[in-house]
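Biologist: I would like to learn how to read the helices and strands of a model, one feature at a time. Could we take the general idea before each case?

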Amino acid sequence: MKNVLVTGYRAHELQIFDQKHRNIEYIKKAIESKLLPLIEEGLEWIITPGQYGTDLWACEVAIELRRRYPRLKVSIITAFSNQEEQWKDERKAYYQKIVEGVDYYGAVSNQPYAGPWQFQARDELLFRKTDGIILFYDEEAAESSAKFVRDRALKKQDESGYRFIGIGADDIQNVVEEENSRRYDDM
């Protein structure tokens, strides 16, 4: 796999409303655990839609991983220009910091939000440009925007061998338990 799409829950779907939430670190560690084997296999690009939540946390992880794997590239491809325009100032600043750290940033539509067709065009491009997906989505949780991405990825997997790598609640729980065990061992 040369290019992977990483996406999933938006922060608000996880009841996360700022960057200080402790579960973000667990989510980032779960993303890293899925990315590392792919990087070892020759992964070149990590691509996200840049939404506030899983997408940006994956960018943070990828930017950090570039220190160890300098050939790794990170991209944000949004549905429309200025997607962060309506965000709170704190989120805008965080977003700008992430954007400054990626290798490629672009929008499928260079105009502001005009309709759902922009998201469909973005998703079409992202699936066409990637060989697989790492998706943070839990089947047993409440419905979210990630369900539609999952359905599309699974269909593409059946049709063309698109690689599907999931992150669910069990993965996050395993990270939490590992971290707690590590803290206990360090005492």
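Biologist: How many Å should the 18 residues of helix α6 (residues 169-186) span, and how far apart are its end C-alpha atoms?

Modeller: This is a predicted model, in which local features need pLDDT of at least 70 and side-chain atom pairs count only at pLDDT 80 or more, while totals for chains, interfaces and linings use all residues. Residues are numbered from 1 along each chain as its sequence is written, and side-chain values use heavy atoms, with hydrogens and water left out. Helices (H or I, at least four residues) and strands (E, at least two) are DSSP runs numbered from the N terminus, and the expected span of a helix is 1.5 Å times one less than its number of residues. For α6 the expected span is 26 Å, and the end C-alpha atoms are 26 Å apart, which agrees.

Biologist: Which residues of α6 are buried?

Modeller: Buried means under 20% relative accessible area, exposed over 50%, and partly exposed in between, with a 1.4 Å probe and protein chains only. In α6 the buried residues are Ile172, Val175, Val176 and Glu179. They lie on the same side of α6, because they cover an arc of only 100° around the axis, the arc being that of the directions from the helix axis to the C-beta atoms. The face turned away from that buried side carries the exposed residues Asp170, Tyr184 and Asp185.

Biologist: What covers the buried residues of α6?

Modeller: Taking contact as heavy atoms within 4.5 Å, the cover includes α1, β5 (132-136) and β6 (163-167).

Biologist: Which way do the residues of strand β1 (residues 3-8) point?

Modeller: In a regular strand the side chains alternate between the two faces of the sheet. In β1, Asn3, Leu5 and Thr7 point one way, whereas Val4, Val6 and Gly8 point the other way. Six of the six residues of β1 are buried, so this strand is largely enclosed by the rest of the structure.

Biologist: Which bridge partners do residues of β1 have in β2 and β5?

Modeller: Two strands pair if DSSP finds at least two bridges between them. Three bridges join β1 to the parallel strand β2 (residues 45-48), where Val4 has Ile46 as its partner and Leu5 has Ile47. β1 also pairs in the parallel sense with β5, over five bridges, and there the partner of Val6 is Ile134.

Biologist: What is the handedness of the unit made by β1, helix α1 (residues 23-40) and β2?

Modeller: A crossover is right-handed if, with the strands pointing away from the viewer, the path from the first strand over the helix to the second runs clockwise. That β-α-β unit is right-handed.
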